[in-house]
Amino acid sequence: MSEKKPKVVVFDLDYTLWPFWVDTHVTPPFRKGQNNKIVDAHGQTVRYYPHSPEIFKQLSEEGYEIGIASRTSEIRGANQLLDLFGWNKYIKYKEIYPGTKTTHFSKIKNASGVEYKDMIFFDDEQRNISDLTEVGVLSILVRNGVTHKVIQDGLNQFAKKR
């Protein structure tokens with residue numbers, strides 16, 4: 001019996017992969033500072049949630065396609081952080097701009113050829129969870145950032161629903 005897995009795993013950015021809003025809590029441009037720490041324009045260290053890089057690596061190694069869907073207006077800063085954190089090598093689909101998550105997912109669907117029912121989404125905002133659940137994307141509410149447990153629970157829920 002084949003295991004039921006999503007074909008595309010999509011993440012929000014703010015308060016899902018990192019603990020801030022990139023358009024208000026930190027100040028671009030970002031750069032590598034001392035000891036390879038990522039800092040903003042004021043020299044403030046910019047951190048991600050501790051499990052985020054390991055989650056990308058693991059999902060990628062397990063063959064999942066990974067996407068980003070973010071409503072931020074700080075498009076350049078968000079992309080800069082994804083690059084500086086070294087995450088771009090894992091990300092196949094990127095939809096980072098103001099607008100609705102349904103627009104982001106429509107573009108991911110078109111680019112990937114993957115139906116909504118074969119996607120899973122992790123986000124910290126209930127409105128986005130509701131919008132995407134309505135179109136058929138299994139959407140998982142994230143509290144306090146992604147963790148291995150959050151991801152595993154989501155994948156288990158996907159397997160049971162599908």
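**View 1. Lys109 and the ring of Tyr116.** In this predicted model, the charged end of Lys109 sits over the ring of Tyr116. The distance from that charged end to the ring centre is 4.9 Å, against a cut-off of within 6 Å for NZ of Lys.

**View 2. The aromatic pairs, starting with Phe11 and Phe56.** Searching the whole structure turns up 12 aromatic pairs. In one of them, the ring centres of Phe11 and Phe56 are 5.6 Å apart and the planes meet at 75 degrees, so this pair is edge-to-face; the cut-off for that label is over 60 degrees. Phe11 belongs to strand E1 (residues 8-11) and Phe56 to helix H1 (residues 52-61), so their contact ties together parts 45 residues apart in sequence. Are these two rings buried or exposed? Phe11 has 0% relative accessibility and therefore counts as buried, and Phe56, at 0%, counts as buried too.

**View 3. Trp18 and Phe20.** Here the geometry is stacked, because the ring planes of Trp18 and Phe20 lie at 0 degrees, with centres 5.4 Å apart. Trp18 is buried, with a relative accessible area of 0%. Phe20 is buried as well, and its relative accessible area is 6%; the cut-off for buried is under 20%.

**View 4. The aromatic cluster.** Which residues join Phe11 and Trp18 in one aromatic cluster? The other members are Phe20, Tyr48, Phe56, Phe85, Trp87, Tyr90 and Phe122. So if you have been following along, the edge-to-face pair of Phe11 and Phe56 and the stacked pair of Trp18 and Phe20 both have their residues in this one cluster.

Conventions: Residues are numbered from 1 along each chain as its sequence is written. This is a predicted model: local features need pLDDT of at least 70, side-chain atom pairs count only at pLDDT 80 or more; totals for chains, interfaces and linings use all residues. Side-chain values use heavy atoms; hydrogens and water are left out. Rings of Phe, Tyr and Trp (its six-membered ring) pair if their centres lie within 6.5 Å; planes under 30 degrees apart count as stacked, over 60 as edge-to-face and the rest as tilted. Helices (H or I, at least four residues) and strands (E, at least two) are DSSP runs, numbered from the N terminus. Buried means under 20% relative accessible area, exposed over 50%, partly exposed in between (1.4 Å probe, protein chains only). A charge sits over a ring if NZ of Lys or CZ of Arg is within 6 Å of the ring centre and within 35 degrees of the ring normal.
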